[in-house]
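Colleague: Hey, got a minute to walk me through this one? I'd like to know how the parts fit together.

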Amino acid sequence: MALYSDKVMDHFRHPRNVGVIEDADGVGEVGNAKCGDIMKMYLKIDDDTITDVKFETFGCGSAIASSSMATELIKGKPVSEAMTLTNKAVAEALDGLPDYKMHCSVLAEEAIRNALEDYYTRHPEKRGENAEASIED
Amino acid sequence: MKIYADNAATTRMSRTAIEAMLPCLDEICGNPSSLYSEGQRAKEVIETARKEIAQIINADPKEIIFTSGGSEADNQAILSAAAIGQKSGKRHIISSAIEHHAVLHTLNKLEKLGFEITLLPVHENGMIRPDELKEAIREDTCLVTVMFANNEIGTIQPIKEIGEICRARKVLFHTDAVQAVGHLPVDVAEYHIDMLSASAHKFHGAKGVGFLYAKKGIRLSSLIEGGAQERGRRAGTENVAGIAAMAAALKESIANLDRNAARLTAIRNRLIEGLSEIPHSALNGDREKRLPSNVSFCFEGIEGESLLLLLDDKGISASSGSACTSGSLDPSHVLLAIGRVHDVAHGSLRLTPGEDTTDEEVEYIIQAVKDVVQYLRSFSPVWRDLCSGKIKHII
C-alpha cells in the first residue's frame, strides 16, 4: 500500500509553480523549521486577479505536494475566490492525505491567506472591495 | 538500479537461513511439546539451535530463551530485572538517552509504577561516559540497560567497561544488542553481560523471532502465560522454523564476520567521504566507534522524508530520523540527544548498505544523494535564508 495517492506523488515529483517572484504583490510564510515544515508563497496580482504564483517549501512529500496543488487552485483566480480556499479543498484535489499529514494542507491554506493579507496590507484600499470574501476571517 | 541500503531496518533472509527453515514448514511438522517422535524431532531442531546460538555468544544453552524478537526480549529483560529489584526494595534503573523505544517505553511504564529512571546523556559523538555511569549507580540501582550499538547513528558503546562497572557494583547489566549480534564479536562472559537481546531479521534470519540471553540465576518473569515452553519463561508453541533459520543465519554471519566487516567498512568509509562533500552536511555519531555498515548524516535546509521519497524514485531504499517519517512531530530522539537541533535533525539520512553492495552502487548512491539534496535545497526557503545570511548555518 502506498503512503500517498498518485496525485500527491505527481505533485511531489513534479511540483508546479516552484520558485520566487521578485516583485511579488504579496508574500506569505508559515510554519517553522523546528516542526519540519515551512512554506513561502509569492503572489502577483493584477486587477484583483492572481496572475502568477510561486512557492518555496521546506518539508515532507505532502507539504511539497500541498503547496504545489494550492498554487494551481488559485492561479488565474480572483483574489476573492483565493481567500476562500480551504485546506480541505487542497487535500481533496490531491485525492486525500494521510490523517497525520492533514496539517500540510492547513499550512498551504495559511500560506496563501498570509500572502493575500500581505497584499491587503500593501493595498488597504483593496480590502474594502473584497470585504465580502474575507468576512470568514 | 535497485539498491537496498536499509539493512539496519531489516535484512533479506540468507539462502542458508531459508534452507534451514523449509523442512520445519514441511516434514518436521510436530509440536515440540508432543512426546511422539514427530514432536521430538521439532524439539531437537530447537535445542540444536539453542546450543549453536549459545556457543556463538559464549553462553550456556540453558541461558537462551527464544522470543518473538528484540522488542519482546528487551521488555522481558527489563521487567524481570525490575521484579527482582523490587523484592529487595531496589527501584532505580539506569539507561541511556539513545535507547530503542522497546527499552525507553518499557522504562516509562516502570516509572509510572514508581521506579526511578536515570537516562545517561550521550556526548556529541553518541557515546555514554563510563565515569558518568559510575556516578549514577546508587545503592538501590537494580539494572543498567545500555544498548550495544545504536540503530540510528551506529555508535558502539564501551560495553566491556560498562559490564565491568556493573559487575563490580553488583548491578544487573542488560544490553539491547539487536544491531550488534551477527555483525560484531559478542562474548557475554568477556563483556560481563547479564542479559542480552537479539533479533534474527537483523542478521539475515526471519522476522518475528529473536532471543534473550539471561545469565544463570537470573529469575526471568514470563510476559506470556499459558504453557511450560522455554522452561516456563515464555509460553506459546515455539516458532520452530524461525528458530532454525535464526541459528543458521547467525552461524553464517559469524563465519563471515571478518570478511563482511572489512567490506562494509570500506563501503561505509567511501559513503562518508563522498557525502561529506555536500556543503553543510554532518556525520552523526562517532567516526570510528560505529557499526561497519552505518552511515548517518544531517543535511541543512532540507527535510528527510522528501529526500527518502526521491531516493526511492532513484531505486535506493534508505531511512531517516525526520519527524515526518516517524508519524510524530518530533524528529528522532537519538539525533536530539547528540545535540542536533530540530531544524537540522529533520534533514537526516541513514544508509545501511549490505556487504553485497558493489562499488558502482556506492558511487551511484553518493551521486543520487548529492543530486536530491541540491534539488530540494533549490526551492527550500530555509536554504535561501541560510545562503542569504538571514539565518546562521549550524552545520
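Modeller: Sure. Between domain 1 of chain B and domain 2 of chain B there are 12 residue pairs in polar contact, both residues at pLDDT 80 or more. Keep in mind that this is a predicted model.

Colleague: OK, and how many salt bridges are there between domain 1 of chain B and domain 2 of chain B?

Modeller: Zero salt bridges between those two domains.

Colleague: Which helices help out on the domain 1 side?

Modeller: On the side of domain 1 of chain B that touches domain 2 of chain B, α4 (101-112) and α7 (240-255) of chain B each supply at least two residues. By class, that side has 11 nonpolar, 13 polar and three charged residues.

Colleague: Where do the domains of chain B start and end?

Modeller: Domain 1 runs over 15-254 and domain 2 over 257-388. Their C-alpha centres lie 29 Å apart. The contact draws on 27 residues from domain 1 of chain B and 19 residues from domain 2 of chain B.

Colleague: And what area do domain 1 and domain 2 of chain B bury between them?

Modeller: About 1800 Å², with 59% of it on carbon and sulfur atoms.

Colleague: Switching topic: what about chain A against chain B?

Modeller: There, about 2000 Å² is buried, and carbon and sulfur atoms give 63% of that. Chain A puts in 26 residues and chain B 21 residues.

Colleague: How many salt bridges across that interface?

Modeller: The rule finds three. In a salt bridge between the chains, the side chains of Arg384(B) and Glu56(A) meet at 2.7 Å, N to O. There are also nine residue pairs in polar contact between chain A and chain B, both at pLDDT 80 or more.

Colleague: Which element of chain A gives the most to the side that touches chain B?

Modeller: β3(A), with four residues. The residues on that side of chain A divide into 16 nonpolar, five polar and five charged.

Colleague: Last one: Ser296(B). Buried or exposed?

Modeller: Ser296(B) sits in strand β10 of chain B. Ser296(B) counts as buried because its relative accessible area is 4%, and the cut-off for buried is under 20%. Leaving aside neighbours within four places in sequence, Ser296(B) is in contact with several residues, among them Glu152(B), Ile153(B) and Arg350(B).

Colleague: And Ser293(B)?

Modeller: Ser293(B) is in the loop between β9 (281-283) and β10 (295-299) of chain B. Ser293(B) is buried too, at 16% relative accessibility. Not counting residues up to four places away in sequence, Ser293(B) touches Leu264(B), Leu351(B), Thr352(B) and Pro353(B).

Technical notes:
Residues numbered from 1 in each chain as written. Chains lettered and ligands numbered in written order. Predicted model: local features only at pLDDT ≥ 70, side-chain atom pairs only at ≥ 80, totals over all residues. Heavy atoms only, no water. Contact = heavy atoms within 4.5 Å. Buried area = accessible area lost by both parts, 1.4 Å probe. Salt bridge = Lys/Arg side-chain N within 4 Å of Asp/Glu carboxyl O. Polar contact = N/O pair within 3.5 Å; in protein donor to acceptor, adjacent residues only side chain to side chain. Nonpolar A, V, L, I, M, F, W, Y, C, P; charged D, E, K, R; others polar. Buried < 20%, exposed > 50% of the residue type's maximum accessible area, 1.4 Å probe, protein only. Domains from an automatic or database assignment.
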